[in-house]
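Subject: Model handover and notes

Hello,

Here is the model for your files. My notes on it follow below.

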Amino acid sequence: MHPPNTVRNAGLMESYHTTRCDGGFDTCLVASANYHTATGDELSKPTVLHALKRVVLALPALCIQIAGDYATGPFYLVRLPFVNLSDVLEYHKYPCKTLQDVYTTELHTSLPRDVEKPLWRVIVHDDNTVVFAWSHSIGDGQSGHALHHALVSALNHEDVSKAPEDSFIVDVPLELTLSPTTEERTDTAVSWKTFFQALYDTFTPASWQRVYTAWTANPVISVNDISNEVRLRKLPTEHAKRLVNLCRQNGCTLTSFLHTLALCVLSHLIKTYEDGIYNNPQKYKTFSTVVPVSLRRFTGTSALDICDQVSGYHSFPPIIRDVQYPLTKATFPWKMAADFKTSLQSGLEDTRQVVETIKYMYSLGIAAKYFANQLGKKRGKTFELSNIGVMPKVSDGRWQIDEVCFGQNNAVCGQINMNVAGSPSGTVNFSYTWGTGVVDKPFMEEFIAQMHFAMASALEA
C-alpha cells in the first residue's frame, strides 16, 4: 500500500541513490554560484526568503520526501504538506570560511529521509555566494543548474522584495507533477550481453573480473566514513575559451581532453609509488573510469528540471607506460582524446541499460548488501569525471550569476571525483573530491597541481 500523499513510485536510479545514502555511503550533491548586480546589492535574508518561495513552487522536487525501507524498497516520492524555509535556509552560516571549507562541511552533512523536512538546503555565504545542497535521490548533478537558474529568475521577479522576513512557510499544492522516471520516458531494456555481464560482475570471483587488473588506488575502507577532502580550482574565461578551441581543433571535447589528461597524469604519478603504497601499481594494466551521462537527451526532460536522470559510461583505458612528460600541446596524446570522444559518443545509448540493471539488485534482495559488501575490498573505480556543462543562459535582469561550481560526496566506495561546471561568463570551475583513504593527500595534491599545470602548458605557444 502506498503511503499517504504519494506522488509516484521512485524510479530505479532514485531508489539506487536512496539506498546508497540511507546505508551511510553518500550524503548529497552541492552546487554554488555567485550572485551580483550592477550596483553591488547584498542578498538580504528577506530577499532570499521571498525568492525561495517562488523557487519551491516552481520546482516540485523541492516539495517531496521519500518513504520506504532502504534495504528492500520500494520507495515512494511523497508530497510534504508544507516547506518551512527556516528548515532549509542558512544565512551566513560560515563567517570567514572559504568556499572550499563550505563544500567540505556541506558534503559531510547528510539530508535525513522520511521526516517532515525536504531533501535540500541552501546556504547564503559571504560575497553573495549561494550554495545549494540536495539529495542525490531527487536530483542529479545537472539539477544544480536548475536550482540556481530558478533562484536568479525568482530574484529578478518584480515583487521579490515585498515579503516580511518572518514569512517562512510555503504551502505545497495538493497536485504535484514531478518529472517522470528515466525508465518511463526512454527504453532502458537490458540486452542479454549487459544482463550476463552484470551477473558475472556480481557473482564471479574477483580475480576473474576486468577490474582485477585495473589500478584503483587504495582498497575501500572497512567502515562507513563519509569524510571527504575538497579542492576547488578555476580556469579563467580566456584560458577556458582557448582550451575549448584547442580541443575542437584536435577533434576532441573538453570532457575527452580532461579524461585523457587524467590518465596521463596518473600514469606518470603511480610510477613513483612502486614501493607498494598503492598495491604495487606496476602489476596493473588499466584504469577503471566512469563518465556520468545525462539521460535527459533521451527522456526529453528540460535542463531546468530537478530529476535523477543519469547513468555512466564505464571504461578500462590502459595505463600509459610511455607517457611523455612534461605534457605540452606538442606531447599531449590528442588522438587518444579524440578516440575517447568517439567511444563515449557511440556508447551513450547503451548507458540507458545501466538504469535497468538496478532492478535486479532489488529483485534479488541484494541492494543493501551491494554497498556493504564493498567495504574492505578492492575499489571499483579509479576516477569519475563529471562535466555538467555550461549553466543555461539567464534572461536579462537585475540579478546575474557567475562562478558556477558543483561537487559530490560518494566518499566511502567512491573514487577520485573530478567535477566540472561552466559559468555564463565563460569560466570553468573544478571541484576535486575524494573520500578518506582513496589516496593520500600529498598524492592528490600533486595530481591536481599537475592537471592544471598541464592545462596551462597546453595553451602556451
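**Contacts of V310**

Leaving aside neighbours within four places in sequence, V310 is in contact (heavy atoms within 4.5 Å) with M13, H17, H136, D140, P292, V293, L295 and V355. This is a predicted model, in which local features need pLDDT of at least 70 and side-chain atom pairs count only at pLDDT 80 or more, while totals for chains, interfaces and linings use all residues. Residues are numbered from 1 along each chain as its sequence is written, and side-chain values use heavy atoms, with hydrogens and water left out.

V310 belongs to strand β14. Helices (H or I, at least four residues) and strands (E, at least two) are DSSP runs, numbered from the N terminus. With a relative accessible area of 14%, V310 is buried; the classes are buried under 20%, exposed over 50% and partly exposed in between, with a 1.4 Å probe and protein chains only. From V310 to V223 the C-alpha distance is 28 Å, across 87 residues of sequence.

**The sheet**

Strand β14 is part of an open sheet of 6 strands, ordered β11-β18-β17-β15-β13-β14, with mixed pairing. Two strands count as paired if DSSP finds at least two bridges between them. β11 (228–235) and β14 (310–315) each have a single partner strand, so these edge strands are left without a neighbour on one side. From one strand to the next the twist averages 20 degrees.

Inside this order, β15 (residues 383–390) and β17 (residues 416–422) pair in the parallel sense, over 6 bridges. F383 has I416 of β17 as its bridge partner.

**Helix α9**

T255 is in helix α9 (residues 254–269), and F257 lies in α9 too. T255 is buried at 14% relative accessible area, and F257 is buried at 1%.

The side chains of T255 and N387 are joined by a polar contact of 3.1 Å. Such a contact is a pair of N or O atoms within 3.5 Å; within protein, one must be able to donate a hydrogen and the other to accept it, and residues adjacent in sequence count only if both atoms are side-chain atoms. Not counting residues up to four places away in sequence, T255 touches V291, L344, L385 and N387. On the same basis, F257 touches L243, C247, C252, F332, W334, A337 and M455. The C-alpha atoms of F257 and N218 are 25 Å apart, with their positions 39 residues apart along the chain.

**Helices α2 and α5**

The axes of α2 (residues 45–58) and α5 (residues 143–155) come within 8 Å and cross at roughly 120 degrees. Axes are lines fitted to C-alpha atoms, for helices over the stretch in contact, and angles run from 0 to 180 degrees between N-to-C directions. The two helices are therefore oblique to each other; angles under 35 degrees count as roughly parallel, over 145 as roughly antiparallel, 65 to 115 as roughly perpendicular, and the rest as oblique. T47, A51, L52, R54 and V55 of α2 make the contact with A150, L151, A154 and L155 of α5.

**Backbone points to check**

Most residues other than glycine have a negative phi, and most peptide bonds are trans. The Y325 to P326 peptide bond is cis, with omega near 0 degrees; P326 is in the loop between β14 and α11 (334–346). N128, not a glycine, has a positive phi of about 60 degrees and sits in the loop between β7 (120–124) and β8 (129–134). N128 is buried, at 10% relative accessible area.

Regards
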